[in-house]
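Visitor: Hello! I have a protein model on my screen and would like to learn how to read it. Could you walk me through it?

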Amino acid sequence: MPTETFEFQVEARQLLQLMIHSVYSNKDVFLRELISNASDALDKLRLAALRDDSLGADTSDPHIEIEVDPDARTLTVRDNGIGMSYDEVGRLIGTIAKSGTAAFLKELKEAQDAAGAEGLIGQFGVGFYSGFMVADEMTLVTRHAGESTGTRWSSRGEGTYTLETVEDAPQGTAVTLHLKPADPENQLHDYTSVWKIKEIVKRYSDFITWPIRLVPKQAEDDGEDGAEPETLNSMKALWARSKDEVSEDEYHELYKHVSHDWRDPLETIRLQAEGTFEYQALLFLPEHAPHDLFTRDFRRGLQLYVKRVLIMDDCEALLPPYLRFVKGVVDAQDLSLNVSREILQQDRHIRMIQRRLTKKVLSSVKEMKANAPEKYATFWREFGAVLKEGLFGDPDNRDALLAVASFASTHAEEGATTLQEYVERMKDGQDDIYYMTGESRQSLESSPHMEAFRARGVEVLLLTDPVDEVWVDAVGEFEGKRLRSVAKGEIDLDGQGEEQAEKEREKQAEEYAGLLGWMKEQLADDVKDVRLSARLTVSPACVVSDAHDLTPALEEMYRAMGQEVPPTKRILELNPTHPLVQGMNQAFQGSEDRSELAESADLLHGLAVLAEGGRPKEPARFVKLVAERLERSLR
């Protein structure tokens, strides 16, 4: 048959130009696309040969070859797969809209029988045309398995292509690119360079099932062949092999490859989903948190493969932000190769994968907690703070997160406790789970707010991560028990039914009413109220937040993020059994001259602020008042 010239469809021309100029910013992926197409063709041949003994196809050595000619500036990707007929080339290569896009996937899903579905696999998609990013002209020679003649297709990507029948084409498909001159400034590399070819294959196609061989140049003298072809890919898709076939060392090597961590992982997690949407996942929990885990520039996400072809190095959509430390790979069977991050965010299948992976990671941590407590302790020490972000960011998985979360507590000096364990230890009549937030265990344990709890043996959770300020309000309660800060609101540990304690409080309230009212006026610029405390046993005073106010630490956190937060006045609580407070009350009642008493009130408030780790509003004035008092005490 003579050579025929055809025009691309209008949609095909538009899509071709759009694809060449904007879909791929990284031009290296053209080789990934061509190798993927070749791999699909080999997959299809294997299935066809199993179903039809009379096909007459050569299946003795299925492989992919890459051949470069630096002098002619050509690169050829060749496979001995199923190939295409003359009609298939015209229909599939000339009509981009029918191959590789969402329409192609829809057609695949609607195929009436398995044979019809498999018949669509292995054909060329949009990715075929990515070759025009690096080539001025592309030539394709193909012969369908079992047929006697082949087809040559050729185009310069300018609106037309030619088709002709050829007699001597080998089984399979060969795509030859006539390369543009190298232009490193525009990311157009020299794709006749052997090291560049090896780098691309290793990066994107290392786990392809079939061997990818680099054909050496033939020796020019005597026409003899040069060295043997070199296989470039490992073909070791560990996630596709059964667990029994893979050693721990192989898992560890893959982890180091995808994470760039020189240490072994703490835990390996495998997952295989079958049914209407198939994918495999191999995830790793690191042993140490990276130094930039909490920075804005931290690079998170899993490697996303489609049928063993890497399409994204860091797919953030596969896991929620609070699992950003998890490394690994996901290999999906039914996604398009040509997807953007924006499309992935909206993809129903990706959301399904994210939900399943999240539940799998959390269940694995739960198993680790139950069966390997030392390993869990390492994990929680390194990643507990980031995992707790999910307590306010992922309500759907809150219960699962609370089940694996653990916290320091006054119950034991070392180790951690769960909320469930805390509830089981609660005293009779205790309705709330008490906690306190701060910078360190030492500062929390020495805080005045803890005195009454320590005296009565009531357990308090000691929360020292910045994120703790946020999640406790979001969670609110656990198993019907309210989470309550010991530094907020009014605390009554004596119990409502104790008549003696009630009478004592009423008596103290009456006795100190005058002093409290006067101090509230004196300190009006700094506090919203002055009241007697039920939480102090040793210290003279402390400052607390109202039940629904922001804590000072949370205010600072918001300001650090650039949000304006008006300063919140706090409440000054006095210990009516402390000699200093008793002395101030006597001085208030015994003299009309209260100038010194006003200074004492300022000093007492400043000391309370210092005791919780804050700083007085006017440090210099505070120091001056203290110095003067010390001087008078020495006279």
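Visitor: How much confidence does the predictor have in this protein?

Guide: This is a predicted model, and each residue carries a confidence score called pLDDT, from 0 to 100. Here the protein averages a pLDDT of 85, and 88% of the residues score at least 70.

Visitor: Where is confidence lowest, and where is it highest?

Guide: The lowest mean, 32, belongs to helix α5, residues 114–120. At the other end is strand β3, residues 74–79, with 97. Over residues 111–125 the pLDDT is below 50, and the model gives this stretch 33 contacts beyond near neighbours in sequence. Residues 97–109 also stay under 50, with 23 contacts beyond four places in sequence.

Visitor: Now the overall build. How many helices and strands are there?

Guide: You can find 21 helices and 23 strands in the protein. Of its 635 residues, 48% are buried. The accessible surface comes to about 31,900 Å², and carbon and sulfur atoms hold 48% of that surface. Look also at contacts with a separation of 6 or more: 70% of them join residues 24 or more positions apart.

Visitor: Which residues touch the most other members of the largest nonpolar core?

Guide: A nonpolar core is a set of buried residues of certain nonpolar kinds, joined through their side chains. The largest one here has 71 residues, and F325, L357 and F379 touch the most other members. Helix α9, residues 348–371, gives this core its largest share, 7 residues. A second, separate core has 58 residues, including Y86, M138, I212 and L310. Back in the largest core, try clicking on F325: beyond its neighbours within four places in sequence, F325 is in contact with L285, P286, L293, F379, F383, V386 and L387.

Visitor: What about R324: is it buried or exposed?

Guide: The cut-off for buried is under 20% relative accessible area. R324 has 11%, so R324 is buried. You will find R324 in the loop between β13 (309–315) and β14 (327–332).

Visitor: Which polar partners does the side chain of R324 have?

Guide: For a polar contact, look for a pair of N or O atoms within 3.5 Å. The side chains of R324 and E389 are joined by such a contact of 2.9 Å. A polar atom of the R324 side chain also lies 2.9 Å from the backbone oxygen of P321. Beyond its neighbours within four places in sequence, R324 is in contact with L293, F294, F298, R300, V386 and E389.

Visitor: How do I read strand pairing, say around β5?

Guide: Follow the bridges from one strand to the next. Strand β4 (residues 135–143) pairs with β5 in the antiparallel sense over 5 bridges, and β5 pairs with strand β6 (residues 160–166), also antiparallel, over 6 bridges. S154 in β5 is a good place to stop: T139 stands opposite S154, and in β6 the bridge partner of S154 is T162.

Visitor: Why is β5 called largely enclosed?

Guide: Strand β5 covers residues 150–155, and 5 of its 6 residues are buried, so the rest of the structure largely encloses β5.

Visitor: And the turns between these strands?

Guide: Check the backbone angle phi there. The hairpin of β4 and β5 has 6 residues between the strands, and G146 takes a positive phi near 95 degrees. The hairpin of β5 and β6 has 4 residues between the strands, with G157 at a positive phi near 70 degrees.

Visitor: Which residue other than glycine has a positive phi?

Guide: R73 is one of them, with a phi of about 55 degrees. R73 sits in the loop between β2 (64–69) and β3, and R73 is partly exposed at 22% relative accessible area. E479 has a positive phi near 50 degrees. E479 lies in the loop between β19 (477–478) and β20 (481–485) and, at 52% relative accessibility, counts as exposed.

Visitor: Which residues of helix α16 are buried?

Guide: An α-helix has 3.6 residues a turn, so residues three or four places apart point the same way. In α16, residues 468–475, the buried residues are D468, E469, W471, V472 and V475. Just after α16 comes G476, with a positive phi of about 80 degrees.

Conventions:
Residues are numbered from 1 along each chain as its sequence is written. Side-chain values use heavy atoms; hydrogens and water are left out. Helices (H or I, at least four residues) and strands (E, at least two) are DSSP runs, numbered from the N terminus. Buried means under 20% relative accessible area, exposed over 50%, partly exposed in between (1.4 Å probe, protein chains only). Contact means heavy atoms within 4.5 Å. Accessible areas come from the Shrake-Rupley method with a 1.4 Å probe; for residues, only the protein chains shown count as cover. A polar contact is a pair of N or O atoms within 3.5 Å; within protein, one must be able to donate a hydrogen and the other to accept it, and residues adjacent in sequence count only if both atoms are side-chain atoms. A nonpolar core is a set of buried Ala, Val, Leu, Ile, Met, Phe, Trp, Tyr and Cys residues joined through side-chain atoms within 4.5 Å. Two strands pair if DSSP finds at least two bridges between them.
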